[in-house]
Amino acid sequence: MSEKEPLHVIKVEHTHPYRYDEDGFTVTRGNAWSAPGCHLGCGVIMYSDGDKLVKVEGDPEHPYNQGRLCVRCLAVPEAVNSPDRLLYPLKRSRENRGKNVFERITWDEALDTIEERFKYYKENFGAESVQFWQGTGRDIAAWISRLAWSFGSPNYTFNINAHSCYSPRIFACSFTTGTFWVGDYSQQFADRFDNPEWKCPDVTLVWGNEPLAANSDGAYGHWVLDVLERGSKLIVVDPRLTWLAAKADIWLQLRPGTDCAVALGMANYVIKEDLYDHEFVDMWCYGFDEFAEHVGEWTPERTEEVTGVAAEKIAAAARLYAQADAGLVQWGVALDQRIDNLENGRAIVCLMALTGNFDKPGTMIQPPELLKYITGWGREWLTPEQDEKRLGANYHPAVRVGSGAAGSSDCIEALLTGKPYPIKAVWMQSINSLACGGADTEVTMKAFNNSEFNVVADLFMTPTAMAFADIVLPIAMFPERNGIRCGDGCQRGETINQAVSPAGECRSDMEVNLELGRRFNPEAWPWENVEQMFSSIVEETGYTFEELRDVAPAYLPFEYGLHEKGKLRKDGGVGFPTTTGRIELWSHAFNNIGMDPMPTYYEQDNSPMSAPELCEEFPYILSTGARQWGYFHSEHRQVPHLRALHPEPTVQINPEDLADLGFEEGQWVWLEGPIGRTGRTGRCKRKVEAYPGMARGVMCTEHGWWHPEGDPEKLYDALELNCNNLITWDYGTTGWGANHKALACRVYPVKDGE
Ligand SMILES: Nc1nc2c(c(=O)[nH]1)N[C@H]1C(S)=C(S)[C@@H](COP(=O)(O)OP(=O)(O)OC[C@H]3O[C@@H](n4cnc5c(=O)[nH]c(N)nc54)[C@H](O)[C@@H]3O)O[C@H]1N2
Ligand SMILES: Nc1nc2c(c(=O)[nH]1)N[C@H]1C(S)=C(S)[C@@H](COP(=O)(O)OP(=O)(O)OC[C@H]3O[C@@H](n4cnc5c(=O)[nH]c(N)nc54)[C@H](O)[C@@H]3O)O[C@H]1N2
Ligand code: SF4
Ligand SMILES: [Mo]
């Protein structure tokens with residue numbers, strides 16, 4: 001036990017220690033956090049036979065997932081034992097990019113080369129000439145931001161065009177309420193649904209999210225079922241009939257990309273019908289009158305015209321949500337994946353505020369966190385002079401004040417143009433830009449090939465590594481190394497525990513980053529090993545990493561009603577941490593960065609309303625990226641049981657449209673559409689699937705496709721399978737926001753030999 005007493009940390013008692021023997025197997029209890037990729041970190045029990053991982057089960061004593069696991073963790077042994085894994089560091093010379101001619105090298109050679117090249121670029125072109133890219137939700141965020149910033153580069157960024165994931169919701173929420181909130185499913189309590197303080201939400205509003213398939217942003221999808229079983233009503237806002245939409249009390253089948261209008265329409269109805277929470281609005285909201293006037297035009301009829309949702313349904317949903325004592329919003333990435341994405345989040349946050357759904361049981365709560373990784377770790381190592389050079393920050397308000405990262409699309413632009421300064425090297429840790437996280441593959445190809453030196457750290461050879469890497473580093477999976485969970489959502493003191501040795505010469509992300517960090521800036525990386533580094537992060541729980549392992553998950557203290565107790569503001573005053581101390585329906589924070597102080601609906605580019613002529617040529621609306629059970633983004637295609645669930649990419653089409661088009665189910669087609677405002681078109685191949693749950697004229701396809709079994713020198717078919725061929729790297733005026741969910745497209749058959 002450390003000397004410091006843990007501050008009210010609640011331990012979860014387990015029947016066994018974290019490691020024990022059972023029926024000839026070694027059993028290791030722990031937590032699942034990437035790699036392979038996933039945001040969450042469910043409690044797992046890993047069975048190994050000698051040094052071989054043979055089975056993974058959900059930990060029934062873990063309050064978070066309570067024994068449940070989704071298919072991807074059940075298949076982790078298949079991923080860990082996959083014959084396709086990268087096992088050794090590899091190198092290839094720049095002129096051979098795209099050719100399958102990698103040579104095996106030692107870790108020493110790999111790390112020495114990276115150190116030497118990065119230091120050379122830093123000395124000759126400034127540390128900003130090296131970009132550091134990361135993928136989503138992986139167990140790297142803390143280590144990679146620290147690596148970039150302690151190296152001196154402000155250009156640490158995310159592999160998604162114009163940051164169209166999660167950050168916009170966080171930003172919209174923080175700029176309106178002063179902080180970020182998550183839905184209360186009792187996840188903050190070790191005794192979960194039995195906790196006497198918790199109350200089941202009366203209504204759950206699932207908005208642009210498919211929680212069962214996605215388990216995203218700290219929320220385990222099954223919790224939605226848990227609250228439905230306990231009596232919560234359900235509203236789903238989704239253009240597709242999902243499993244949950246089919247169970248919903250009200251399903252709003254909107255035209256893709258019109259969420260902000262739906263939210264403003266609901267807000268207007270709530271105000272006009274006097275359904276809002278007067279006490280909460282009077283006490284805790286700023287700018288109500290202006291907001292009421294602003295949303296006045298969004299009558300149910302006007303809302304129907306723009307969104308396609310019947311006026312009565314808008315009214316009914318608004319009434320159900322507003323009349324509930326406790327309403328929870330489970331929102332998803334569909335809200336972030338449009339130009340002007342901040343407007344969506346802001347409109348929904350204002351709706352939550354009008355109905356008083358904050359800081360009380362069953363509504364939106366303030367998650368206790370150990371390490372807020374979304375804003376990165378190690379920022380203190382970046383000097384203000386270097387931060388000045390952060391790409392996008394000087395010309396894009398959302399990039400400047402947003403997550404502290406450089407603008408991803410701005411990073412691409414700098415790679416393409418060499419402006420405002422040359423980019424010489426790119427560090428790619430957990431990104432497969434060419435198959436998934438990037439947009440417009442033609443641009444992606446040019447951009448990363450302009451860089452002189454690229455390093456890819458991944459689990460498998462990918463189209464991105466094959467196209468761009470000069471050095472490839474093989475990374476260990478979570479059962480092969482230790483870790484802590486410091487991701488998003490509600491935090492526990494949680495350890496990831498090694499069950500088996502790494503495959504081949506794989507090393508963990510943290511070991512790689514610690515080792516390189518020490519070479520770049522030893523003061524910023526004072527730890528001798530990763531376990532020491534983890535201990536310093538979990539210090540506030542009062543445990544070292546090794547001690548925490550036996551008692552994990554350790555729950556952090558939690559309270560409701562923080563704003564009433566003066567616990568949200570730094571000055572100790574009551575209220576919310578905004579300029580006015582209130583939730584700002586009229587936002588000073590947005591006004592100060594030159595944005596409209598109130599959320600506003602803008603019609604997207606290339607939509608039937610904004611570009612009717614173009615849409616005659618491209619008559620369908622295509623939504624991309626709805627999550628698949630078995631795949632995390634571009635991953636898992638080489639895991640046999642997961643691939644079998646959905647062997648090829650499909651496009652879901654309404655059966656009547658299908659009949660009109662004259663296609664057969666299972667037939668291969670091209671989806672083709674304009675790429676944003678570039679004037680170019682792009683296309684991708686898909687197999688046709690009849691889906692009665694789509695409205696006529698709307699189609700839906702998955703993202704992240706490539707064929708790991710395909711020809712490496714054809715980049716594993718990524719260029720023809722990637723639906724991001726239809727998506728632009730461009731951004732809205734704020735620097736954040738690109739359209740993935742409402743593209744214009746046409747569809748025609750793939751010919752023989754194509
Ligand atoms: N299995 C699996 N889980 C994942 C991931 C994965 O790749 N695979 N990725 C992770 C990541 S990074 C993220 S961001 C999350 C995302 O997960 P979610 O937030 O669930 O996002 P999506 O699956 O893209 O879409 C959710 C729903 O939005 C609907 N939708 C499409 N267009 C619109 C629209 O315009 N408006 C509205 N209201 N709805 C629309 C889709 O039909 C879909 O049912 O999932 C995470 N979890
Ligand atoms: N059309 C369309 N495109 C989308 C989306 C969409 O909805 N529609 N969703 C977007 C969203 S929300 C996001 S967040 C991005 C995601 O984009 P990314 O998170 O960058 O996902 P990938 O591009 O699949 O790259 C992930 C790579 O990391 C590797 N990897 C997995 N885990 C680890 C790990 O722990 N360590 C290391 N070193 N490597 C690891 C995988 O093998 C894979 O090659 O994609 C976006 N792309
Ligand atoms: S959500 Fe699924 S893949 Fe992610 S940690 Fe939990 S069980 Fe594993
Ligand atoms: Mo994401």
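In this predicted model, Glu 304 counts as partly exposed because its relative accessibility is 34%. That value lies between the limits of under 20% for buried and over 50% for exposed. Glu 304 sits in helix 12. Together with Glu 301, Glu 305 and Glu 312, Glu 304 forms a negative surface patch. Helix 12, which spans residues 300–307, supplies the largest share of this patch, with 3 residues.

Strand 17 was examined next. This strand runs over residues 453–458, and 6 of its 6 residues are buried, so the rest of the structure largely encloses it. In a regular strand, side chains alternate between the two faces of the sheet. Both faces of strand 17 are covered. On one side lie Phe 453, Val 455 and Ala 457, which are all buried. Asn 454, Val 456 and Asp 458 lie on the other side and are buried too.

Strand 17 also pairs with other strands. Strand 16, made of residues 425–429, is joined to strand 17 by 5 bridges. These two strands run parallel. Within this pairing, Val 426 has Asn 454 of strand 17 as its bridge partner. Asn 454 is itself one of the buried residues of strand 17.

Strand 18, residues 471–474, is linked to strand 17 by 4 bridges. This pair is parallel as well. Here Asp 458 stands opposite Pro 474 of strand 18. Asp 458 is buried, on the side of strand 17 that also carries Asn 454 and Val 456.

Terms used: Residues are numbered from 1 along each chain as its sequence is written. Chains are lettered from A and ligands numbered from 1 in the order in which they are written. This is a predicted model: local features need pLDDT of at least 70, side-chain atom pairs count only at pLDDT 80 or more; totals for chains, interfaces and linings use all residues. Side-chain values use heavy atoms; hydrogens and water are left out. Patches are made of residues with over 30% relative accessible area and no salt bridge: like charges are joined within 9 Å, nonpolar side chains (Val, Leu, Ile, Met, Phe, Trp, Tyr) within 5 Å. Accessible areas come from the Shrake-Rupley method with a 1.4 Å probe; for residues, only the protein chains shown count as cover. A salt bridge is a side-chain nitrogen of Lys or Arg within 4 Å of a carboxyl oxygen of Asp or Glu. Lys and Arg count as positive and Asp and Glu as negative; His and the chain ends are not counted. The place of a charge is taken as NZ of Lys, CZ of Arg, CG of Asp or CD of Glu. Buried means under 20% relative accessible area, exposed over 50%, partly exposed in between (1.4 Å probe, protein chains only). Two strands pair if DSSP finds at least two bridges between them.
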